[in-house]
Protein chains: 4
Amino acid sequence: MIVVMKVDATIAQIDHMAQRITALGLTPQVIHGKHQTVIAALGQERAGLTEVLEPGEGVEKVLPIMAPYKRASSELTRERTVVKARGLEVGGARVTVIAGPCSVESEEQIVVLARELKDLGATGLRGGAFKPRTSPYSFQGHKELGLKMLANARAETGLAIVTEVMAPEHVPMVAEYADVLQIGARNMQNYQLLQAVGDSGKPALLKRGMSATQEEFLLAAEYILDRGNPNVMLCERGIRTYEDHTRFTLPLATVPYLHDKSHLPVVVDPSHGTGKSKLVIPMSRAAVAAGADALILEVHDDPEHAVSDGAQSITPAAFGQLMDQCRRIAAAVDRTL
Amino acid sequence: MIVVMKVDATIAQIDHMAQRITALGLTPQVIHGKHQTVIAALGQERAGLTEVLEPGEGVEKVLPIMAPYKRASSELTRERTVVKARGLEVGGARVTVIAGPCSVESEEQIVVLARELKDLGATGLRGGAFKPRTSPYSFQGHKELGLKMLANARAETGLAIVTEVMAPEHVPMVAEYADVLQIGARNMQNYQLLQAVGDSGKPALLKRGMSATQEEFLLAAEYILDRGNPNVMLCERGIRTYEDHTRFTLPLATVPYLHDKSHLPVVVDPSHGTGKSKLVIPMSRAAVAAGADALILEVHDDPEHAVSDGAQSITPAAFGQLMDQCRRIAAAVDRTL
Amino acid sequence: MIVVMKVDATIAQIDHMAQRITALGLTPQVIHGKHQTVIAALGQERAGLTEVLEPGEGVEKVLPIMAPYKRASSELTRERTVVKARGLEVGGARVTVIAGPCSVESEEQIVVLARELKDLGATGLRGGAFKPRTSPYSFQGHKELGLKMLANARAETGLAIVTEVMAPEHVPMVAEYADVLQIGARNMQNYQLLQAVGDSGKPALLKRGMSATQEEFLLAAEYILDRGNPNVMLCERGIRTYEDHTRFTLPLATVPYLHDKSHLPVVVDPSHGTGKSKLVIPMSRAAVAAGADALILEVHDDPEHAVSDGAQSITPAAFGQLMDQCRRIAAAVDRTL
Amino acid sequence: MIVVMKVDATIAQIDHMAQRITALGLTPQVIHGKHQTVIAALGQERAGLTEVLEPGEGVEKVLPIMAPYKRASSELTRERTVVKARGLEVGGARVTVIAGPCSVESEEQIVVLARELKDLGATGLRGGAFKPRTSPYSFQGHKELGLKMLANARAETGLAIVTEVMAPEHVPMVAEYADVLQIGARNMQNYQLLQAVGDSGKPALLKRGMSATQEEFLLAAEYILDRGNPNVMLCERGIRTYEDHTRFTLPLATVPYLHDKSHLPVVVDPSHGTGKSKLVIPMSRAAVAAGADALILEVHDDPEHAVSDGAQSITPAAFGQLMDQCRRIAAAVDRTL
């Protein structure tokens, strides 16, 4: 860290901060500039040290130098992680596609749709059994019954099941049926949940919180990795900005940025990222062109009658077109799909 | 709701949407404009209906008319709610102050500090026993031991205890020690937690999520109210914007806005809302001037050695000045403090 | 428009608003809902009417139905606009590329670089002669001298010159040398400038303001179109959000969104949109995959010694790679580059 | 500045950067940490140096230490600036109030209203003669005729005239009639305009751009100050965030922050900052409590028939209440109003 002292900091304050740095196990190096003094704190920078030094008297600000995440960082783990769950492999040469309805509505719906998606090239099946809803009056999902429907769809098709888990106490039950545990954007900083998913050892798909920075996103992954579970996929699903013509703003620079900073695979969700079915195909192409390792998409056989997220769901026919177009983009970046 | 049809929508599409509206239990009224047709859907507008109608063919957009929250709304409950927890009353003529350290660090710390705060005019004591931390490597709180320390501080001072609960399974334990259950910003949409707090019947202090809209904030309160727990305080604690000179942006217009839309009392947190101790006093004054029912503040006897949030903590001496200044502001808006 | 009356609006207030609507040349249609009354205002919705009706007594809110921009809209002009400036054509089957340094630094620099860019496939040359700088102490550009250097580079290569104009009084001078007048993000709502560029009749490249909505962006284009100048290119260059790992957030959903709402061609600027040279190539690929009609890129022969924007400039060698990769993406979306 | 080198930076790269720093007239001090090397660049940090060093090979990031604004900074000018324009004094013990309609509509309107405002305690009269409008189809102001009306209202009342100037070429004309030249939020980075206002020597009221950082805001002021015009008022008028229940988000922490960093007086605009007349009074109280030196408010005798901004305009009666309430708040912070 670099501790920047105020212009009018006293010698006593500078000495005091140097002692504080030493007491924290770091080595202070005082640099007297023309206007201001700064103190470099050398050694192992730990998360939280910045905030410990900031309230010191005479301190203007503290600038961190090192990234606070370790296990998620590409600095220490240079080999790229490939997450495998049944037939689904995310992070390798092949761009993979996870598709399905927002909510699991009925057994017939999910089985029929799963067959179509499989035929069109999906390798994962998404579908909500536990649904986090903004309003208590909205449909909350079929819960365990929904999980069973998903398991039946898997038995019919072999698709890997990706479904959301919303509370630590549900992890064992969801883990029994699912191949990948999804942590939703609203729960990205639900630390008990992250730890429970970490403990389960199951592959995790971690969605970026809608106002999370990249550092917070990687620190949330760190919570899972830190419990000994290395199978984490990072999913960009759009952030909240002032833009009002889309449901969220989907920042695809996340893909190459995370590929540089982390060894974990990166998934993109153009359905939530735009909230509009019309924008899903072009943004799926763009995501693959940016280097995404996988797409996760909402597909519904009848979006008009979907119980949730109909406006951003595409039909199986549109999904077929999407797959064709994305296959060509994948080839143009030397990957398959 | 108002369903706006596209400029080139066909008569069949308009008829179809009118039928969909009827099927949902509402009455459609078709209005043919010069350029576009809109359909008013009359009747009880329910949360989620907008998203059900939006994917319809020929639909441009769906505009909701009514607020989706009911129990939190001042339309149905005209009498203002006053939340009472031991000596703490929030929502009445008196502006109340909840103060204490970010984390409970030791029994001595919390008891000594509680006495000082009480002498200076606080009626509630805040302090974290379970700490949600961005990094898994940061101090996570003393957990149940911390709760016991808080209970001892209450025994010594009579201050009402306000502390955060982070997971549904912790609710019974925290409720045993605390007078008010705080739901943190990161958990504002942790619905299992909201329901568990609702079921506990304990007074709740609900912090606004850092990118939550007012509608989402009130719908989160609705989750608690809907379980039969009417004792909800809404807490503005700052939102995430592009501003980088403060930790968050503290939008005080929240206070009069919520007072207009809801009967629930409004608390302001200038410590998290600014992240800088230097800004806490003027923003506390401003919050009281805007009409806040209570303040929640981080106070530490030695901010430089606080284990967390030292940069935004003020000293007991500064807290004394804050109380003096806010008392004058309270008087200027015909309240006491 | 739809005027939503308050729950407790009186009959007199409703009648009054109906009369106000009639006085504005629209036809009111009053719809009495179960809880609330709404009034549809039928006829030609004009910009500014919403704000005129909103302060009415008993009015809850006013919802606009029609887009306030007319000439920029794809509703009235269905044929796509292709902007032509010398060899540069933007909006046709070919994706075109405009490249060059942030600032024109010297005649030798710009001529040598222009030759390289032309050989690698660029059809437009960008370069700043007038530079809008956040600080008055930063380099402000070579002004007319810079324009002459650009004209010489054009004489040598035939590349079309794209350069920024910052003030209405400079328009004639810049128009004398340049083929395309660029309006920077900071000036997107500098209406005198928009009108002056409109009056010049020169092709315009209009950058999106860093916190402009799509509606504001299209209304800014409307200012130029309204002066009889149809040659407007819309340029997405990134918006300001809470993200701090990139200079701006580049929302590529802008591309298909604008292609749907407007007939004007859409250009993407991945250099400003990310602020980091490392992210420019993948985001250029993504932009082409999303359907961009052109790219505008900062290329410098020696980014380390660039007088401005070095961190986001790529070398000619990287530009060559970018062109190769984007050519493959263009082919995958059935275009050339 | 602190130049942070990458973990794998070579010795050659480190040496090279040290030489670059020396060539820029600064003194490099190389600090070898456990994981990373950082180089402190000692000496006079100038705006733009960060961006010059960032593209260097092996450089991870460059951290500025000093504020890039000089003349606006409280570090060099410790005495607080009081801006005086006729009877209007901003920055002293008295909180002053500038009020008036969004647009000057007619001579009778402005004269009658000015008398009322004066009687109620205003010392400045605002009113738009040149109106920056999002749409080319909205009312653009009475221009010079409007300026004459304002001058007549001043002749009748003695109120100082505050009005917006939108283009450099209008500065002489507006300066002839007005006492204070207002630079609107959309023009905060219209540098030609800032310089022209600087050159005029007239007191300036500079509005914060709707997505400007504090640093950019102070650098915009620097453009005016740098032309030898010391009479600059900084005006917080709300920023663009994801919030949709108000027109903008009004961050009052700006007031104490700017008072700390700068010697210039701070004005708050609760009308634009909220966009809703109902929120104007509480936010005016809050602004005064936060320490604002002046308020600027939209008041209209008949908001329902205002040609612009009716929704956020308050009536003279409401303005009278506002003044009464704010007077009490001013007294509570030891000021007058």
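Me: What turn and what shift along the axis lay chain A on chain B?
Reply: A turn of 180° with a shift of 0.0 Å along the axis lays chain A on chain B, and the RMSD is 0.0 Å. Please note that this is a predicted model.

Me: Which C-alpha of chain A is nearest that axis?
Reply: In chain A it is the C-alpha of A:Ser211, which is 3.0 Å from the axis.

Me: How many residues does each of chains A and B bring to their contact?
Reply: Chain A contributes 43 residues and chain B contributes 42 residues.

Me: Which elements give two or more residues to the chain A side?
Reply: Those elements are helix H2 (49-53), helix H6 (191-200) and helix H7 (214-225) of chain A. The largest share, 4 residues, comes from H7(A).

Me: And how does that side divide by residue class?
Reply: The side of chain A that touches chain B has 18 nonpolar, 13 polar and 12 charged residues.

Me: Why can one say that these copies meet through the same surface?
Reply: Of the interface residues of chain A, 98% are also interface residues in chain B, so the copies meet through the same surface.

Me: Moving on to chains B and C. What rotation superposes them?
Reply: Chain B is superposed on chain C by a rotation of 180° with 0.0 Å of shift along its axis, at an RMSD of 0.0 Å. That is the relation of a two-fold axis. In chain B, the C-alpha nearest this axis belongs to B:Tyr242, 2.0 Å from it.

Me: How many residues does each chain give to the contact of B with C?
Reply: There are 21 residues from chain B and 21 residues from chain C. On the chain B side, the elements that give two or more residues are strand E1 (2-5), E2 and E3. E3(B) provides the largest share, 3 residues.

Me: What about the classes there?
Reply: The side of chain B that touches chain C comprises 11 nonpolar, 7 polar and 3 charged residues. Since 100% of the interface residues of chain B are also interface residues in chain C, these copies meet through the same surface.

Me: In what order do the strands of the open sheet in chain B run?
Reply: The order of this open sheet of 4 strands is E2-E3-E1-E4, and the pairing is antiparallel. Its edge strands are strand E2 (27-32) and strand E4 (59-63) of chain B, each of which pairs on one side only. On average, neighbouring strands are turned by 20° against each other, with direction ignored.

Me: Over how many bridges do E2(B) and E3(B) pair?
Reply: E2(B) and strand E3 (residues 37-42) of chain B pair over 6 bridges in the antiparallel sense. Within E3(B), B:Val38 stands opposite B:Ile31.

Me: Now the barrel in chain C. Is it open or closed?
Reply: The barrel is closed and has 8 strands with parallel pairing, in the order E7-E8-E9-E10-E11-E12-E13-E14. From one strand to the next, the twist averages 25°.

Me: Which residue is the bridge partner of C:Arg126?
Reply: The partner is C:Val162, in E9(C). Strand E8 (residues 124-126) and strand E9 (residues 160-164) of chain C pair in the parallel sense over 3 bridges.

Me: Which strands does helix H8 of chain C lie across?
Reply: Helix H8 (residues 254-261) lies across strand E12 (232-236) and strand E13 (266-268) of chain C, running at about 165° to E13(C).

Me: Back to chain B. At what angle do H3 and H11 pack?
Reply: Helix H3 (residues 107-120) and helix H11 (residues 316-332) of chain B pack at about 20°, with their axes 10 Å apart. They are therefore roughly parallel to each other, and their crossing is right-handed.

Me: Which residues make that contact?
Reply: H3(B) contributes B:Glu116, B:Leu117 and B:Leu120, while H11(B) contributes B:Pro316, B:Phe319, B:Gly320 and B:Met323. By class, this contact has 5 nonpolar, 1 polar and 1 charged residues.

Me: Finally, how do H10(A) and H10(C) cross?
Reply: The axes of these two helices, residues 277-290 in chain A and residues 277-290 in chain C, come within 7 Å and cross at roughly 155°. That makes H10(A) roughly antiparallel to H10(C), in a right-handed crossing. The residues of this contact divide into 10 nonpolar, no polar and 2 charged.

Conventions:
Residues numbered from 1 in each chain as written. Chains lettered and ligands numbered in written order. Predicted model: local features only at pLDDT ≥ 70, side-chain atom pairs only at ≥ 80, totals over all residues. Pairing = 2+ DSSP bridges. Axes fitted to C-alpha atoms, helices over the stretch in contact; angles between N-to-C directions. Contact = placed C-beta atoms within 7 Å. Nonpolar A, V, L, I, M, F, W, Y, C, P; charged D, E, K, R; others polar. Parallel < 35°, antiparallel > 145°, perpendicular 65-115°, else oblique. Left-handed = near helix turned anticlockwise from the far one by under 90°. Least-squares fit on C-alpha atoms with pLDDT ≥ 70 in both.
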